[in-house]
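User: Can you walk me through this model? Short answers are fine.

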Amino acid sequence: MSQAKVDKYKEQKKNRDKIMKREKRERILAEVIVCVVVVALIGWAGYSFYQNHKPTVVNTYTVDGTALTDYMSELNAETETETTAETEESTDAAESESETASEETTETASETVAETESVAETETVSE
């Protein structure tokens, strides 16, 4: 058994440089992974804190609408004036048309009465 231990020791001594390099690589890799995880956690915590405590910027704007209100009032007043004028014109036109129609009806009736009278006179004269 001691010969086995001696052979093992010689093997380790012969490969000692390779073994030390591999252990060093593994240790550095472990340190890098730990650093990356720690940086990720710190970054995540900072980002979360910032999102929860981010200042909210509220922009408020004030508008003076009196000029717009005055303009709209003027437009409404003009529209009401035009509507009133159109209504009066249409009423006047309707009255004129009805007067014209009644005059025509009266003239037609007068002509009919005159024709009837002339026919009646003609009949009496012929008898």
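Analyst: The expected span of a helix is 1.5 Å times one less than its number of residues. Helices (H or I, at least four residues) and strands (E, at least two) are DSSP runs, numbered from the N terminus. For helix H1 (residues 2-14), 13 residues should span 18 Å, and the end C-alpha atoms are 18 Å apart, which agrees.

User: Anything I should know about the source?

Analyst: This is a predicted model, where local features need pLDDT of at least 70, side-chain atom pairs count only at pLDDT 80 or more, and totals for chains, interfaces and linings use all residues. Residues are numbered from 1 along each chain as its sequence is written, and side-chain values use heavy atoms, leaving out hydrogens and water.

User: How many helices and strands in the protein chain?

Analyst: Three helices and zero strands, in the order α-α-α.

User: What share of the 127 residues is buried?

Analyst: 0%. Buried means under 20% relative accessible area, exposed over 50%, partly exposed in between (1.4 Å probe, protein chains only).

User: Which residues form the nonpolar patch?

Analyst: Leu29, Ile33, Val37, Leu41 and Trp44, with about 550 Å² of accessible area together (Shrake-Rupley, 1.4 Å probe, only the protein chains shown counting as cover for residues). Patch residues have over 30% relative accessible area and no salt bridge (side-chain nitrogen of Lys or Arg within 4 Å of a carboxyl oxygen of Asp or Glu); nonpolar side chains (Val, Leu, Ile, Met, Phe, Trp, Tyr) are joined within 5 Å, like charges within 9 Å.

User: Where is Ile33?

Analyst: In helix H2 (residues 16-52); Ile33 is partly exposed at 49% relative accessible area.
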